[in-house]
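Student: I'd like a close look at the inside of this model, please. Start with whatever empty space there is, and work outwards from there.

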Amino acid sequence: MACKTHSPLPHLFPYVSFSASYCDEHEGFFLFLGQDYIFVREFIPFVASVLLKAWKESDEGSDMEVILGGVASLHDEILWFKKEASKFDVPLFSIAPQKANKDYCRFLESFLSPEVDYTVAMTAFWAIEAVYQESFSLCLKDGSNTPTELMETCQRWGNEGFKQYCLSLQRIVDRRLKKATEEVCRKAEEAFVRVLEHEIEFWNMSYGDTLTS
Ligand code: HMH
């Protein structure tokens with residue numbers, strides 16, 4: 001049975017405008033840099049597990065290449081975090097993950113189990129990447145007042161190549177959801193909503209709202 005067709009993107013917008021104003025906050029930026037580095041290191045095994053599921057379960061060979069491209073860009077991302085941190089003198093190795101980040105990473109880990117369906121994991125993967133793409137591309141728009149030293153960060157996730165990559169992920173998700181069972185659709189929707197909740201908590205944390213670890 002095919003899933004109900006509805007565009008999930010309108011749900012993203014409260015989050016999006018929220019992170020656009022965030023770009024003005026330098027303190028928040030440094031905190032974000034260290035915490036996101038921790039997140040991305042956890043995100044790599046998550047994406048690797050989606051790759052494994054694609055290899056086992058996908059009906060389309062090109063899915064693996066798209067996901068492999070994601071793994072490759074995460075390698076690049078790790079190097080970027082190190083470069084950016086040294087530019088601003090932010091330590092990356094001695095920091096502890098904060099609660100919101102730990103919760104998000106635990107959520108990522110729950111997808112590693114082979115029991116989790118490829119379509120459900122793929123939906124979460126797409127949502128995690130798309131939310132960054134949507135948000136950071138707003139910081140690049142005219143009139144967004146993004147400080148010049150933060151432009152590179154916004155370019156990292158707001159650029160056209162990253163947008164095209166997110167669209168490739170979205171096409172996989174759309175294709176899979178058209179053929180999914182009702183149960184898989186329900187789980188995919190739940191995963192999508194949970195990603196947004198974790199993203200909001202992650203950004204509240206970067207604003208310094210929940211400084212408990
Ligand atoms: C918290 N969400 C978070 N960090 C990221 N780097 C991405 C999404 C996108 O890769």
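Tutor: Happily! Sorted by class, the residues lining the largest cavity are six nonpolar and four charged, with no polar ones. Please keep in mind that this is a predicted model. The nonpolar part of that lining includes Phe 39, Val 40, Phe 43, Ile 128, Tyr 132 and Trp 157, while Asp 36, Glu 77, Glu 129 and Glu 199 also line the cavity. The space they surround comes to about 70 Å³, and the structure holds two cavities of 30 Å³ or more. H2 and H5 each bring at least two residues to the lining of the largest cavity, and the biggest contribution is that of H2, with four residues.

Ile 128 is a good place to step from the cavity into the packing. It lines the largest cavity and is also in contact with Phe 46. Beyond its neighbours within four places in sequence, Phe 46 also meets Leu 108, Phe 111, Leu 112, Ala 121, Ala 124 and Phe 125. Within the largest nonpolar core, a set of 62 residues, Phe 46 and Phe 125 have the most contacts. At least two residues of this core come from each of H2, H3 (62-88), H4 (99-109), H5 (118-139), H6 (148-158), H7 (160-179) and H8 (182-206). H5 gives the most, with 14 residues. As a broader point, nonpolar side chains in soluble globular proteins tend to be buried together.

Which polar residue sits beside Phe 46? Ser 49, whose side chain has a polar atom 2.7 Å from the backbone oxygen of Phe 46. Ser 49 belongs to helix H2, which spans residues 26-57. Its relative accessible area is 10%, so Ser 49 counts as buried. Setting aside residues up to four places away in sequence, Ser 49 touches Phe 111 and Leu 112, and both of these are among the contacts of Phe 46 as well.

Phe 111 then leads us to a pocket. Together with Val 116, Val 120, Lys 187 and Glu 190, Phe 111 lies nearest the centre of the second largest pocket, which 13 residues line. That pocket has a volume of about 260 Å³. Its lining is made up of six nonpolar, one polar and six charged residues, and H8 provides the largest share, six residues.

Two further residues round off the tour. Arg 176, in helix H7, is buried because its relative accessible area is 14%, which is under the 20% cut-off. Apart from residues up to four places away in sequence, Arg 176 touches Glu 57, Ser 58, Asp 59, Tyr 118 and Thr 119. Its C-alpha atom and that of Tyr 118 are 9.0 Å apart, although 58 residues separate the two along the chain.

Is Asp 89 buried or exposed? With a relative accessible area of 70%, Asp 89 is exposed. You will find it in the loop between H3 and H4. Its backbone deserves a glance too, since phi of Asp 89 is near 60°, a positive value in a residue other than glycine.

Key
Residues are numbered from 1 along each chain as its sequence is written. This is a predicted model: local features need pLDDT of at least 70, side-chain atom pairs count only at pLDDT 80 or more; totals for chains, interfaces and linings use all residues. Side-chain values use heavy atoms; hydrogens and water are left out. Buried means under 20% relative accessible area, exposed over 50%, partly exposed in between (1.4 Å probe, protein chains only). A polar contact is a pair of N or O atoms within 3.5 Å; within protein, one must be able to donate a hydrogen and the other to accept it, and residues adjacent in sequence count only if both atoms are side-chain atoms. Contact means heavy atoms within 4.5 Å. A nonpolar core is a set of buried Ala, Val, Leu, Ile, Met, Phe, Trp, Tyr and Cys residues joined through side-chain atoms within 4.5 Å. On a 1 Å grid over the protein atoms alone, a cavity is a set of points where a 1.4 Å probe fits but cannot get out, and a pocket is an open set with protein on both sides within 12 Å along at least five of seven lines; lining residues have an atom within 4 Å of a point. Grid points are joined across faces, edges and corners, and a volume is the space filled by probe spheres set on the points. Ala, Val, Leu, Ile, Met, Phe, Trp, Tyr, Cys and Pro count as nonpolar, Asp, Glu, Lys and Arg as charged, and the others, Gly among them, as polar.
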